[in-house]
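Subject: Structure handover

Hello,

Here is the structure I promised to pass on. Please open it first, then read my notes below.

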Amino acid sequence: MAVDAAYLMQFVDETSFYNRIVLSHLLPSNLWEPLPHFLQTWLRNYLAGTLLYFISGFLWCFYIYYLKLNVYLPKDAIPTRKAMLLQIYVAMKAMPWYTLLPTVSEYMIESGWTRCYSRIGEVSWVLYFVSIATYLVLVEFGIYWMHRELHDIKPLYKYLHATHHIYNKQNTLSPFAGLAFHPLDGILQAVPHVVALFIVPIHFTTHLGLLFMEAIWTANIHDCIHGNIWPVMGAGYHTIHHTTYKHNYGHYTIWMDWMFGSLRDPLLEEVDNNKDSSKKAE
């Protein structure tokens, strides 16, 4: 038992280290050091998540709407400042709740309830990469079905997911829409990351990194720019999701939509739109 307790302390020491790195640079020590470890972890996740949201959102908006104006998107497809400010407002209301989930997952890891391990050296490199791949497949499967049920179960859509789907065309979607969800909606779509911890052995820091990559990825898939990198579920696919409401529920890849019959390709969509335009012209 003593060995187990000592091993679990490695997780606590690691989270404490991350807490100090973030909080000591952002807040006076007297504001966070007296807090219990759980609240320190939540505060670190909240501040780090908020910074990541604003930094990734502003940099990406500056790049595509200013530096590359009319390169990736026509001017009439750029969302208004009012739309982006509303998205920021919705995301900021939800952020304290979003960041509660990784805090709870860290608590479960520190308590020894999951299959997380502390050091990469505890497993072979082959097992490390196989476990990441398995973890991501489970997460992809879980997010696909969670997202799809948020559409198919009408009360869930009406009271939760509809908050996000007011952004339903190019000139209302922006990188800031990536986290503009009802708080419970955002948590439900991130739950597969936590469930996978109980199924797959995963490196602790890698798990945290993958969780925070969500913020960057969700900003990217709401910019309406189709990268066309197979099998990535890029913004072109996700824009179709926002305009049709019944396609492209996947997260990182198109595989789940392909397997379960909900895939719609943006290139084929473009061809169909051109055909429709030609018929109307005739």
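A residue counts as buried when its relative accessible area is under 20%. Keep that cut-off in mind for what follows. Please also note that this is a predicted model.

**Two enclosed helices**

Start with H5. Eight of its 11 residues are buried, so H5 is largely enclosed by the rest of the structure. The buried residues are Leu101, Pro102, Thr103, Ser105, Glu106, Met108, Ile109 and Glu110. After H5 comes Gly112, with a positive phi near 80°.

H10 gives a similar picture. Nine of the 10 residues of H10 are buried, so the rest of the structure largely encloses it. The buried set is Ala235, Gly236, Tyr237, His238, Thr239, Ile240, His241, His242 and Thr244.

**The loop after H10**

Tyr245 follows H10. It sits in the loop between helix H10 (235-244) and helix H11 (255-260). Its phi is positive, near 70°, and it is not a glycine. Is Tyr245 buried or partly exposed? Its relative accessibility is 28%, so it counts as partly exposed.

Asn248 is in the loop between H10 and H11 too. Its phi is also positive, at about 55°, and again the residue is not a glycine. Asn248 is buried, with a relative accessible area of 0%.

**The nonpolar core**

How many residues does the largest nonpolar core have? It has 21. Those with the most contacts inside it are Ile109, Cys116, Tyr135, Leu197 and Ile202. Helix H1 (2-26), H5, H6, H8 and H9 each give two or more residues to this core. The largest share comes from H6, with five residues.

Two of the names above turn up elsewhere in these notes. Ile109 is among the buried residues of H5. Cys116 is buried, at a relative accessible area of 9%.

H6 also holds Ile132. At 14% relative accessibility, Ile132 is under the 20% cut-off, so it counts as buried. Ile132 and Pro201 are 69 residues apart along the chain, yet their C-alpha atoms are separated by 8.6 Å.

**Cysteines**

How many disulfides does the structure hold? The count is zero. Cys61 is buried, with a relative accessible area of 8%.

**Cavities**

There are two cavities of 30 Å³ or more. The largest has a volume of about 510 Å³. It is lined by 29 residues, and the closest to its centre are Leu179, Gly186, Ala190, Glu214 and Thr218.

Which helices supply at least two residues each of that lining? They are helix H4 (81-98), helix H5 (100-110), helix H6 (125-152), helix H8 (183-195) and helix H9 (204-220). By class, the lining has 14 nonpolar, 13 polar and two charged residues.

The second largest cavity holds about 40 Å³ of space. Its lining is Tyr53, Ser56, Gly57, Pro175, Phe176, Gly178, Leu179, Ala215, Thr218 and Ala219. Helix H3 (37-67) and H9 each give two or more residues to that lining. By class, it has six nonpolar, four polar and no charged residues.

Look at Leu179 and Thr218 in the viewer. Both are among the residues closest to the centre of the largest cavity. Both also line the second largest cavity.

**Annotated spans**

One item comes from a record. The unreviewed UniProt entry carries the annotation "transmembrane region" for residues 46-66 and 125-146. In the model, residues 46-66 are 100% helix and 0% strand. The end C-alpha atoms of that span lie 29 Å apart. Residues 125-146 are likewise 100% helix and 0% strand. Here the end C-alpha atoms lie 31 Å apart.

**Where to look**

For a quick tour, begin at H5, with eight of its 11 residues buried. Then go to H6, which gives five residues to the largest nonpolar core. Next, find the largest cavity, at about 510 Å³. Finish at Tyr245 and the positive phi there.

Best wishes

Technical notes
Residues numbered from 1 in each chain as written. Predicted model: local features only at pLDDT ≥ 70, side-chain atom pairs only at ≥ 80, totals over all residues. Heavy atoms only, no water. UniProt positions renumbered as here; feature names shortened; annotations may be inferred. Helix = DSSP H or I, 4+ residues; strand = E, 2+ residues; numbered from the N terminus. 1 Å grid on protein atoms, 1.4 Å probe; cavity = no way out; pocket = protein on both sides within 12 Å on 5 of 7 lines; lining within 4 Å. Points joined across faces, edges and corners; volume = space filled by probe spheres on them. Nonpolar A, V, L, I, M, F, W, Y, C, P; charged D, E, K, R; others polar. Disulfide = S-S within 2.5 Å. Buried < 20%, exposed > 50% of the residue type's maximum accessible area, 1.4 Å probe, protein only. Core = buried A, V, L, I, M, F, W, Y, C linked by side-chain atoms within 4.5 Å.
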